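Q: Could you take me through this structure by asking, at each step, what a label rests on and how the value compares with its cut-off?

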Amino acid sequence: MAGQMICTNCGHVGKPKRITKGSIIVELGLWICFLLPGLIYSIWRLSSRYDGCPKCEYPNMISITSPVAQKLFNQLYPNTTDPGTAAPS
Ligand SMILES: [Zn+2]
């Protein structure tokens with residue numbers, strides 16, 4: 001249960017995933033064809049990287065132990081007491 005996070009968007013329970021926007025293909029293409037846009041694109045991708053929900057990629061996951069998460073969890077999974085085993089992974 002420790003370290004588990006709940007998604008406030010879809011209710012998925014689990015560990016957040018590191019999400020990077022854009023694509024490595026575009027990044028490489030830009031680097032090869034145009035140096036400066038490639039650099040800008042790389043910086044943008046690094047700065048927009050975030051930890052989000054592995055299911056819907058929503059950036060706002062909160063710790064399952066927080067009061068808000070507990071309330072949300074009880075609404076979503078009323079028959080389950082242990083958040084660690086609630087959601088299929
Ligand atoms: Zn989600």
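A: This is a predicted model, and a loop residue makes a convenient start: Ser-66 lies in the loop between strand 5 and helix 3.

Q: Why is Ser-66 called exposed?
A: Ser-66 has 12 other C-beta atoms within 10 Å, and a residue counts as exposed if that number is 12 or fewer, so Ser-66 falls under exposed. In space, the C-alpha atom of Ser-66 is separated by 9.5 Å from that of Met-5, although the two residues are 61 residues apart along the chain.

Q: What makes Met-5 count as buried?
A: Met-5 has 23 C-beta neighbours inside 10 Å, and because 20 or more are required for a residue to be buried, Met-5 qualifies. The place of Met-5 is in strand 1.

Q: Which residues does Met-5 touch, leaving aside its neighbours within four places in sequence?
A: Met-5 is in contact with Gly-14, Lys-15 and Pro-16, and also with Met-61, Ile-62, Ser-63 and Ile-64. For one of these partners, Ser-63, the C-alpha atoms are separated by 4.4 Å, while the two residues are 58 residues apart along the chain.

Q: How do you know that strand 1 and strand 2 pair?
A: Strand 1, residues 5-7, is joined to strand 2 by 2 bridges, and since at least two bridges are needed for two strands to pair, the condition is met. The two strands run antiparallel, and Ile-6 stands opposite Val-13 in strand 2.

Q: What is the order of the strands in the open sheet, and which of them are called edge strands?
A: The open sheet is formed by 3 strands in the order 2-1-5, with antiparallel pairing. The edge strands are strand 2 (13-14) and strand 5 (61-63), each of which pairs on one side only.

Q: Which residues make up the largest nonpolar core?
A: The core has 9 residues in all, namely Met-5, Ile-6, Cys-7, Val-13, Cys-53, Met-61, Ile-64, Ala-69 and Phe-73. Strand 1 and helix 3 (67-76) are the elements that give two or more residues to this core, and the largest share, 3 residues, comes from strand 1. As a general background, nonpolar side chains tend to be buried together in soluble globular proteins.

Q: Why is Gln-70 called partly exposed?
A: Gln-70, which is found in helix 3, has 14 other C-beta atoms within 10 Å. Exposed would require 12 or fewer and buried would require 20 or more, so Gln-70 belongs to the partly exposed class in between. The C-alpha atoms of Gln-70 and Ile-6 are separated by 9.2 Å, and the two residues are 64 residues apart along the chain.

Q: Why is helix 1 called roughly antiparallel to helix 2?
A: The axes of helix 1 (residues 24-33) and helix 2 come within 6 Å and cross at roughly 150°. Angles over 145 degrees count as roughly antiparallel, which makes helix 1 roughly antiparallel to helix 2. On the helix 1 side the contact is made by Val-26, Glu-27, Leu-30 and Trp-31, and on the helix 2 side by Leu-35, Pro-37, Gly-38, Tyr-41, Ser-42 and Arg-45. By kind, these residues divide into 6 nonpolar, 2 polar and 2 charged.

Q: What makes Ser-47 exposed?
A: Ser-47 lies in helix 2, residues 35-47, and has 9 other C-beta atoms within 10 Å. Because exposed means 12 or fewer, Ser-47 is exposed. From C-alpha to C-alpha, Ser-47 and Lys-21 are 9.5 Å apart in space, and they are 26 residues apart in sequence.

Q: What is noted about phi of Glu-57, and where is this residue placed?
A: Phi of Glu-57 is near 65°, a positive value in a residue other than glycine. The place of Glu-57 is in the loop between strand 4 (50-52) and strand 5. With 14 other C-beta atoms within 10 Å, Glu-57 is partly exposed.

Q: How many helices and strands does the protein chain have, and in what order do they run?
A: The secondary structure comes to 3 helices and 5 strands, and from the N terminus on the elements run β-β-β-α-α-β-β-α. Buried residues make up 16% of the 89 residues in the protein chain.

Technical notes. Residues numbered from 1 in each chain as written. Predicted model: local features only at pLDDT ≥ 70, side-chain atom pairs only at ≥ 80, totals over all residues. Helix = DSSP H or I, 4+ residues; strand = E, 2+ residues; numbered from the N terminus. Core = buried A, V, L, I, M, F, W, Y, C linked by C-beta atoms within 7 Å. Axes fitted to C-alpha atoms, helices over the stretch in contact; angles between N-to-C directions. Parallel < 35°, antiparallel > 145°, perpendicular 65-115°, else oblique. Contact = placed C-beta atoms within 7 Å. Nonpolar A, V, L, I, M, F, W, Y, C, P; charged D, E, K, R; others polar.
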